[in-house]
Amino acid sequence: KLRSVEQETKFRIENTSTFGNWKINFGANLDYSQYTNTTFQRVYIDEGRTFDYHTYLGMWRWGIFGTINYATTDERFTASLGVRTDANNFSSGMKGMGDQLSPRLSLSYRLTDGLYLSGNAGLYYQLPPYTGLGFKDNNGAWVNKYLRYMSVSQESLGLSWHPGNTFELSAEGFYKQYDKIPFSIADGIPLACKGNDYGVIGNEALSSTAQGRAYGIEILMKWLIAKKLNLASSFTLFKSEYRNNKQSEYIASAWDNRYIFNMSGTYNFPHNWSLGMKISCIGGAPYTPYDVEKSSLVTAWNAQGRPYYDYTKYNTGRLPAFGQLDVRVDKTFYLKRCMLGFYIDLQNVTNSKFKQPDNLMSTGVIENPSAPMAEQRYKMKYITQKSGTLMPTLGITFEY
């Protein structure tokens, strides 16, 4: 049972001034956050436990910020330098504005006509989730008073080529470093690695020790031929990893698909016929196997009604890659004052199947009913999870 409300009241003052090629922006903000939570939750760690608590969290947050932008008269060179800092009164560890000082710099330079070199670097801070900040034990004590602001440093460098108004090609490399990410003490993994699971995230004992990184390259291409072709594609090759602390080894995060590819385009034929296609491909995501021994325990299954992951084997499995092809054909009739169109849309022409890890379920049958309650186990079964089918659509459009 869970009932929570998040409410924020914000006050912001800001000034922007322009002096020739310079533009200066600065300001301050004062926010008041209210978070209420009534929770009744059964969990199983080493034994069955129940959390039953009510939270009211009122927190002041404040910050100051400023940005200086510069552009040459011919806009060949542009630069932006900014800084902001934030703090709040949740705990003494978050009150110091100097601890959350976040500078950022962005530069762009036109090397030749149509060719641009750009780069940026910055440091950013963000509050942990309210579910973690507002978590209490059954005695009403705040459990996560020692959490800190999460931080991410981000750098990128890229080239962009615009030889004309009909074509664009760009490539950008990026690197992100995450620090002070909330770490689940019970499960032994960073909280960010639970993002693809169902349920409430963060209402547990946490520590700000986890780290992460993501790096890769992204290539974008656009090609336009007026009244003929409209083509756009993107390809991202990357790695996403987390570790429990500075002494641990990096392991693949839940978002480490390794690559993503998308291409979509439309070609216009004579007599108002058009053909559109979209290709989407994504690498297989890692997954964590279930802890069958723990999940089959009657006391453990009854606490949550779902299986438990074996976090000692976190993301040691990997799903197969997935690709999909969509096709659409349009025929348009232009009448005196209106337009009438007919189309057929075929999604997933290749009838590809998106595979998820097989789901572990209890059959409800106890294998050893004569054993002590703490040792009784359900008979378990796996349910295959696959989705994806050919989806045809016929449609009519009318515009007046």
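## Starting at a salt bridge on the surface

Let's begin with glutamate 293, which is exposed, with a relative accessible area of 52%. In this predicted model, glutamate 293 forms a salt bridge with arginine 377, and the closest N and O atoms are 3.4 Å apart. The two partners come from distant parts of the chain, 84 residues apart: glutamate 293 sits in helix α2 (residues 292-296), while arginine 377 belongs to the loop between β19 (354-366) and β20 (378-387). Arginine 377 itself is partly exposed, at a relative accessible area of 24%.

## Other salt bridges to look for

How many salt bridges does a search of the whole structure find? The count is 14. As a general point, side chains of opposite charge can pair when their charged atoms come close.

One of these pairs joins arginine 61 to aspartate 31, at 4.0 Å from N to O. Arginine 61 is in strand β3 (residues 48-71) and aspartate 31 is in strand β2 (residues 22-44), so this salt bridge ties together parts that lie 30 residues apart in sequence. Are these two residues buried or exposed? Both arginine 61 and aspartate 31 are buried. They also belong to a network in which salt bridges with shared partners join Glu8, Lys10, Asp31 and Arg61.

Another pair to find is arginine 213 with glutamate 241, whose side chains meet at 2.6 Å, N to O. This salt bridge links strand β10 (residues 206-225), home of arginine 213, with strand β11 (residues 229-243), home of glutamate 241; the two residues are 28 apart. Arginine 213 is partly exposed at 23% relative accessibility, whereas glutamate 241 is buried at 8%.

## Cysteines without disulfides

A disulfide is a covalent bond between the sulfur atoms of two cysteines. This structure holds zero disulfides. Two cysteines you can look up are cysteine 281, which is partly exposed with a relative accessible area of 27%, and cysteine 338, which counts as buried at 17%.

## Around valine 365

Valine 365 is found in strand β19 and is partly exposed, at 47% relative accessibility. Which residues does valine 365 contact, leaving aside its neighbours within four places in sequence? They are Arg377, Tyr378 and Lys379. Arginine 377 is the salt-bridge partner of glutamate 293, so you have already met one of these contacts. Methionine 380 is 15 residues from valine 365 in sequence, and their C-alpha atoms are 8.4 Å apart in space.

## A nonpolar patch

On the surface, Phe19, Trp22, Ile68, Leu81, Leu105 and Leu107 form a nonpolar patch. Together they offer about 570 Å² of accessible area. One of them, leucine 105, is in strand β5 (residues 102-112) and is partly exposed, with 38% relative accessibility.

## Stepping back to the whole protein

Now for the overall view. The protein has three helices and 21 strands. Its radius of gyration is 27 Å, well over the 21 Å that the globule rule gives for 400 residues, so the protein is more spread out than a compact globule. Along the principal axes, its C-alpha atoms fill a box of roughly 80 × 55 × 45 Å.

Of the 400 residues, 34% count as buried. The protein exposes about 23,300 Å², and carbon and sulfur atoms supply 57% of that area. Among contacts with a separation of 6 or more, 61% come from residues 24 or more positions apart.

Definitions and conventions
Residues are numbered from 1 along each chain as its sequence is written. This is a predicted model: local features need pLDDT of at least 70, side-chain atom pairs count only at pLDDT 80 or more; totals for chains, interfaces and linings use all residues. Side-chain values use heavy atoms; hydrogens and water are left out. Helices (H or I, at least four residues) and strands (E, at least two) are DSSP runs, numbered from the N terminus. Buried means under 20% relative accessible area, exposed over 50%, partly exposed in between (1.4 Å probe, protein chains only). A disulfide is a pair of cysteine sulfur atoms within 2.5 Å. Contact means heavy atoms within 4.5 Å. Patches are made of residues with over 30% relative accessible area and no salt bridge: like charges are joined within 9 Å, nonpolar side chains (Val, Leu, Ile, Met, Phe, Trp, Tyr) within 5 Å. Accessible areas come from the Shrake-Rupley method with a 1.4 Å probe; for residues, only the protein chains shown count as cover. The radius of gyration is taken over C-alpha atoms; the globule rule is 2.2 Å times the number of residues to the power 0.38.
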